[in-house]
Amino acid sequence: MAGQNENGRLSAAELSAAALVTVAQLTGYQPEAVTGLEWDGDGELWRITVDALELSRIPNTTDILGSYVVQLDDHGTLRGYQRTRRFTRGAANEDG
């Protein structure tokens, strides 16, 4: 993959882009943003949280979004994936 540094590892930005593509491919939903990026030093995995639009509504503040956690190794290989929550775009708290 382009942009790998000399040891073959991807940058945080490249891992984030890979997570966006992964969510789109696995769910068919439109990813909106990377909302979390965390290194799990024990398992040597990156945990990237991506919010994706699952149901578009009018007004858009009532859209339903899902948060997906994608686990990638530092070379960008998919190691895990799951939806962790669903929420309304206009929700004021983290619990939606």
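In what order do the four strands of the open sheet lie, and with what pairing? The order is β1-β2-β3-β4, and the pairing is antiparallel; two strands pair if DSSP finds at least two bridges between them. This is a predicted model, in which local features need pLDDT of at least 70 and side-chain atom pairs count only at pLDDT 80 or more, while totals for chains, interfaces and linings use all residues. Residues are numbered from 1 along each chain as its sequence is written, and side-chain values use heavy atoms, with hydrogens and water left out.

On to the overall layout. The protein chain holds one helix and four strands, strung along the sequence as α-β-β-β-β. Helices (H or I, at least four residues) and strands (E, at least two) are DSSP runs, numbered from the N terminus. Of the 96 residues, 33% count as buried, where buried means under 20% relative accessible area, exposed means over 50%, and partly exposed lies in between (1.4 Å probe, protein chains only). The accessible surface of the chain comes to about 5,800 Å², and carbon and sulfur atoms own 46% of that; these areas come from the Shrake-Rupley method with a 1.4 Å probe, and for residues only the protein chains shown count as cover. As for contacts (heavy atoms within 4.5 Å), 38% of those with a separation of 6 or more link residues 24 or more positions apart.

Back to the sheet. β1 (30-40) and β4 sit at its edges with a single partner strand each, so one side of each has no neighbour in the sheet. On average, neighbouring strands are turned by 20° against each other, direction ignored; the axes are lines fitted to C-alpha atoms, for helices over the stretch in contact, and angles run from 0 to 180 degrees between N-to-C directions. Nine bridges tie β2 (residues 45-55) to antiparallel β3, with Val50 opposite Tyr68 and Leu55 opposite Ile64. Another antiparallel pair, β3 and β4, is also joined by nine bridges, and here Gln71 faces Gly80. The β3 and β4 hairpin has five residues between its strands, and Gly76 takes a positive phi near 95° there. Eight of the nine residues of β3 are buried, so this strand is largely enclosed by the rest of the structure.

What makes up the largest nonpolar core? It has twelve residues, among them Leu10, Leu15, Trp46, Val50, Tyr68 and Leu72. Such a core is a set of buried Ala, Val, Leu, Ile, Met, Phe, Trp, Tyr and Cys residues joined through side-chain atoms within 4.5 Å. α1 (12-27), β2 and β3 are the elements that give two or more residues to this core.

Trp46, in strand β2, is buried, with a relative accessible area of 18%. Leaving aside residues up to four places away in sequence, Trp46 touches nearby chain segments including Leu15, Trp39, Val70, Leu72 and Asp74. Trp46 and Val69 are 23 residues apart in sequence, with 9.7 Å between their C-alpha atoms.

Asp74 falls in the loop between β3 (64-72) and β4 (78-88). Is Asp74 buried or exposed? Asp74 counts as buried because its relative accessibility is 12%. With the same sequence neighbours left out, its contacts are Gly8, Arg9, Leu10, Trp39 and Trp46. The side chains of Asp74 and His75 also share a polar contact of 3.5 Å; that term covers a pair of N or O atoms within 3.5 Å, where, within protein, one must be able to donate a hydrogen and the other to accept it, and residues adjacent in sequence count only if both atoms are side-chain atoms.
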